[in-house]
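Please look through the sequence and the model below, and then follow the explanation from the end of its helix outward to the surface.

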Amino acid sequence: MPDHVSRWPEGHSLPALPQQRQTGSRAESVDLTPEERDAFAALVRHLAEGD
């Protein structure tokens, strides 16, 4: 690292940033109808093709 760039000491939080949670939130899920699953699959295929 160049001498003119200082490193923030490890283990110290940045004073301008709020404290972050150490763990993520619970996973969320949504039940889709068969029609919604098909539409989503078609969308993913369309995006994968780059059209």
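Glycine 50, with a positive phi near 80°, comes after helix α1, where helices are DSSP runs of H or I with at least four residues, numbered from the N terminus. This is a predicted model, in which local features need pLDDT of at least 70, side-chain atom pairs count only at pLDDT 80 or more, and totals for chains, interfaces and linings use all residues. Residues are numbered from 1 along each chain as its sequence is written, and side-chain values use heavy atoms, leaving out hydrogens and water.

The protein chain has 1 helix and 0 strands, strands being DSSP runs of E with at least two residues. Helix α1 covers residues 34-49, and its 16 residues reach 23 Å from first C-alpha to last, close to the 22 Å expected at 1.5 Å a residue, a span reckoned as 1.5 Å times one less than the number of residues.

Phenylalanine 40 lies in this helix and counts as exposed because its relative accessibility is 51%, the cut-off for exposed being over 50%, for buried under 20%, and for partly exposed in between, with a 1.4 Å probe and protein chains only. Of the 51 residues of the protein chain, 0% count as buried.
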